Amino acid sequence: MFNFIQADLYRLAHKKSNYAFYGILFSLFVVAVILLQASSPISEGISNAYIELGVFLLSQAFPLFFGLQAYSTVYINDISSSSYQNIFSSGLSKTEFVIGKFITFVIYLFTTFLIGAIVFFALFFFLTLSTGAQVDTGNLNDLTVVGTTIFLGMIGYAAVANVVAFISQNTTVSLITFGVLISNVSLTALNLISLATDKLEFLRKFTLSYYINHTNQSIIAGFLPDMPSNAEPLVTWGVTLLYIVVASIIGILILNRIEIKEGK
């Protein structure tokens, strides 16, 4: 299994499209920071505005753009019967495959977060030093909470999407499933249904998006005057970890029972 993980990480590290993708997005972020600095007449408040921008982008844009890219890069390459057959014929068990892919996804996602954090805080310290602005440590704590929530949430969404991927053995279906989950389409649909009838309102609390949204939106609301944050990150993280464990076990059970289709 460790050879499989090492080979997968080697493949990801030498995929040039990854560097192009992240280079473009990080460049756009630098442009956004420059515009923020130019539009902030009060230098003392720019550090807080910068942190708030980071929280907003991390909670709203990061999952969609980086999440879809990470999932498609790590998983989609192998969601075809020919790839499955080649992998399993090499002696790797299906359980080892699921665990190995999970570890690869966590490492890839952590590396992405780490690089993003380096870029973010390099610009942050540049702004604070160049403007003499003061730093609100409370906002930094909020940024850490949102980052941890999104990190665990993306792993949880991937674990659930993999259950569909193993059943369908179809790249389009699996990617759409991950996109629907990470864009909160399911939660939005349940919210709309709840407006018509409250009998199905309880279903919202069974979705991972419900807890992630509650934590992130509570923190964003806390940036407004006289609006204290009522986020409960530990509850959200616990639910997310439960999703990861249960979905991974279900994925292993399904993959061990299904027959890999030919000609896919």
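## A residue of helix 10

Gln217 is partly exposed, its relative accessible area being 39%. In this predicted model, Gln217 belongs to helix 10. Its C-alpha atom is separated by 9.4 Å from that of Phe56, although the two residues are 161 apart along the chain.

## Overall fold

The secondary structure of the protein consists of 11 helices and zero strands. Read from the N terminus, the order of elements is therefore α-α-α-α-α-α-α-α-α-α-α. The protein has 264 residues, and buried residues make up 43% of them. Of the contacts between residues at least 6 apart in sequence, 80% join residues at least 24 apart.

## Nonpolar cores

The largest nonpolar core holds 47 residues, and the members that touch the most others are Tyr50, Tyr71, Phe105, Leu109 and Phe113. Two or more residues of this core come from each of helix 2 (16-38), helix 3 (46-60), helix 4 (62-74), helix 6 (94-131), helix 7 (137-168), helix 8 (171-182), helix 10 (208-221) and helix 11 (233-257). Helix 7 gives the most, with 12 residues.

Leaving aside residues up to four places away in sequence, Phe113 touches Leu58, Phe62, Gly147, Ile150, Phe151 and Met154. Apart from the largest core lies another, of 11 residues, including Phe88, Phe97, Val98 and Leu255.

## Aromatic pairs

The whole structure contains 16 aromatic pairs. One of them joins Phe4 and Phe97, with 5.8 Å from centre to centre and 45° between the planes, and is tilted. This pair links distant parts of the chain, with Phe4 in helix 1 (residues 2-13) and Phe97 in helix 6, 93 residues apart. Phe4 counts as buried because its relative accessibility is 15%, under the 20% limit. Phe97 is also buried, at a relative accessible area of 2%.

The pair of Phe21 and Tyr22 is edge-to-face because the ring planes stand at 80°, over the 60 degrees required; the ring centres are 5.2 Å apart. The two residues fall on either side of the 20% limit for burial. Phe21, at 24% relative accessibility, counts as partly exposed, while Tyr22, at 12%, counts as buried. Ring pairs also link both residues into a cluster with Phe26, Phe62, Phe66, Phe113 and Phe151.

## Largest pocket

The space in the largest pocket comes to about 720 Å³. Its lining has 25 residues, and those nearest the centre of the pocket are Gly54, Leu58, Phe62, Gly116 and Phe120. At least two lining residues come from each of helix 2, helix 3, helix 4, helix 6 and helix 7. Helix 6 gives the most to this lining, with seven residues. Of the residues nearest the pocket centre, Leu58 and Phe62 are also touched by Phe113.

## Helix 11

Helix 11 has 25 residues and reaches 36 Å from its first C-alpha to its last, close to the 36 Å expected at 1.5 Å a residue. Its buried residues are Pro233, Thr236, Trp237, Val239, Thr240, Ile244, Ala247, Ser248, Gly251, Ile252, Ile254 and Leu255. An α-helix has 3.6 residues a turn, so residues three or four places apart point the same way. Among the buried positions of helix 11 are Thr240, Ile244, Ala247, Ser248 and Gly251. Leu255, buried in this helix, belongs to the core of 11 residues, whereas helix 11 also gives two or more residues to the largest core.

Technical notes
Residues are numbered from 1 along each chain as its sequence is written. This is a predicted model: local features need pLDDT of at least 70, side-chain atom pairs count only at pLDDT 80 or more; totals for chains, interfaces and linings use all residues. Side-chain values use heavy atoms; hydrogens and water are left out. A nonpolar core is a set of buried Ala, Val, Leu, Ile, Met, Phe, Trp, Tyr and Cys residues joined through side-chain atoms within 4.5 Å. Buried means under 20% relative accessible area, exposed over 50%, partly exposed in between (1.4 Å probe, protein chains only). Helices (H or I, at least four residues) and strands (E, at least two) are DSSP runs, numbered from the N terminus. Contact means heavy atoms within 4.5 Å. Rings of Phe, Tyr and Trp (its six-membered ring) pair if their centres lie within 6.5 Å; planes under 30 degrees apart count as stacked, over 60 as edge-to-face and the rest as tilted. The expected span of a helix is 1.5 Å times one less than its number of residues. On a 1 Å grid over the protein atoms alone, a cavity is a set of points where a 1.4 Å probe fits but cannot get out, and a pocket is an open set with protein on both sides within 12 Å along at least five of seven lines; lining residues have an atom within 4 Å of a point. Grid points are joined across faces, edges and corners, and a volume is the space filled by probe spheres set on the points.
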